[in-house]
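The following report describes selected salt bridges, a surface patch and a small sheet. Please keep the sequence and the structure in view while reading.

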Amino acid sequence: MKKMIAIVLAVLMLASVMCLASCGKKEDTLTIYTEAGFAPYEFVYENEIVGVDIEIMKKVAEKLGVELVVEDVNFDSITGAVKGGKADAGAAGMTITAERDEEVDFSIPYASTEQYVIVKADNAEIATVENMVGKTIGVQQGTTGDLYCTWDLEDAGLATVDRYSKGSDAVQALKTGKVDCVIIDNEPAKALVAANSGLKILETAYANEDYAICVKK
């Protein structure tokens, strides 16, 4: 119930922000950027981009009386596109961070999540997040998993971070032994492990965070 209330409030706030931003304009579309490899928030099903974020933005577009246009792009390009006006909003399971908040504005959070660590099921070396020291970590480029690993581990010389355009690419690197583990948000982590045998998620989360929709300041 709390999550549903948060989503409804986010829709109402976004509709108000978009309405104010478009005053005097005659556009009949609402263009959002996403990265459609992040189930259940956005993913491709029967050649259509669907998911939680898409449903939220459909409601916003409906309230504004405009057509929703969804563009699938690399995740790390979304903030810049919204800031530069190429997209009206970014809806991509995006975490609110101080750095991003300097570039764009955010809706109220509509979901709380965690960063999970994925390893091979038979991996005995990495049992907790502390065991990642000295390892090679796969991440989706530009995500908070990438940022946290960079700040906490790579910048301190404690681990190596390999960056991929999609979370699924990072998981494939894990399966083929190119990386020792993958850090990604909890729901996508569950979906990726369910779709790829021989993997598991560590019991301890790496970090906690909140999702929101980003819009131009």
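Glu 62 forms a salt bridge with Lys 59, with 4.0 Å between the closest N and O atoms, the term standing for a side-chain nitrogen of Lys or Arg within 4 Å of a carboxyl oxygen of Asp or Glu. The two residues lie three positions apart in helix 2 (residues 52–64), so about one helical turn separates Glu 62 from Lys 59. Helices (H or I, at least four residues) and strands (E, at least two) are taken as DSSP runs and numbered from the N terminus. Glu 62 is exposed at a relative accessible area of 58%, whereas Lys 59 is partly exposed at 46%; here buried means under 20% relative accessible area, exposed over 50%, and partly exposed in between, with a 1.4 Å probe and protein chains only.

The model is predicted, and local features need pLDDT of at least 70, side-chain atom pairs count only at pLDDT 80 or more, while totals for chains, interfaces and linings use all residues. Residues are numbered from 1 along each chain as its sequence is written, and side-chain values use heavy atoms, with hydrogens and water left out.

**Salt bridges**

The structure holds nine salt bridges, including the three pairs tabulated here.

| Pair | Closest N and O atoms |
|---|---|
| Glu 62 and Lys 59 | 4.0 Å |
| Lys 217 and Asp 105 | 2.9 Å |
| Glu 187 and Lys 190 | 3.4 Å |

Lys 217 and Asp 105 form a salt bridge that links distant parts of the chain, since Lys 217 belongs to the segment after strand 13 (207–215) and Asp 105 to strand 7 (residues 105–106), 112 residues apart. Of these partners, Lys 217 counts as exposed at 52% relative accessibility, and Asp 105 as partly exposed at 30%. Glu 187 and Lys 190, by contrast, are three residues apart in helix 7 (residues 186–195) and therefore separated by about one helical turn; Glu 187 is partly exposed at 27% relative accessibility, and Lys 190 is partly exposed at 39%. Beyond these pairs, a network of salt bridges links Asp 146, Glu 154 and Arg 163.

**A patch of negative charge**

On the surface, Glu 27, Asp 28, Glu 67 and Asp 88 gather in a patch of negative charge, where a patch is made of residues with over 30% relative accessible area and no salt bridge, like charges being joined within 9 Å. Glu 27 sits in the loop between helix 1 (2–21) and strand 1 (29–34), and is exposed with a relative accessible area of 51%.

**The sheet of strands 2, 3 and 4**

An open sheet of three strands follows the order 2-3-4 with antiparallel pairing. Strand 2 and strand 4 stand at its edges, each with a single partner strand, so that one side of each lacks a neighbour in the sheet. Strands count as paired if DSSP finds at least two bridges between them.

Strand 2 (residues 37–38) and strand 3 (residues 42–45) run antiparallel and are joined by two bridges, with Phe 38 standing opposite Glu 42 of strand 3; a hairpin of three residues connects the two strands. Strand 3 pairs in turn with strand 4 (residues 48–50), in the antiparallel sense and over three bridges, and Tyr 45 has Glu 48 of strand 4 as its bridge partner. The hairpin of strand 3 and strand 4 has two residues between the strands, and within it Glu 46 takes a positive phi near 50°.

Conventions:
Patch = residues over 30% accessible without salt bridge, like charges linked within 9 Å, V, L, I, M, F, W, Y side chains within 5 Å. Areas by Shrake-Rupley, 256 points an atom, 1.4 Å probe, with all protein chains shown as cover. Lys, Arg positive; Asp, Glu negative; His and termini not counted. Charge placed at Lys NZ, Arg CZ, Asp CG, Glu CD.
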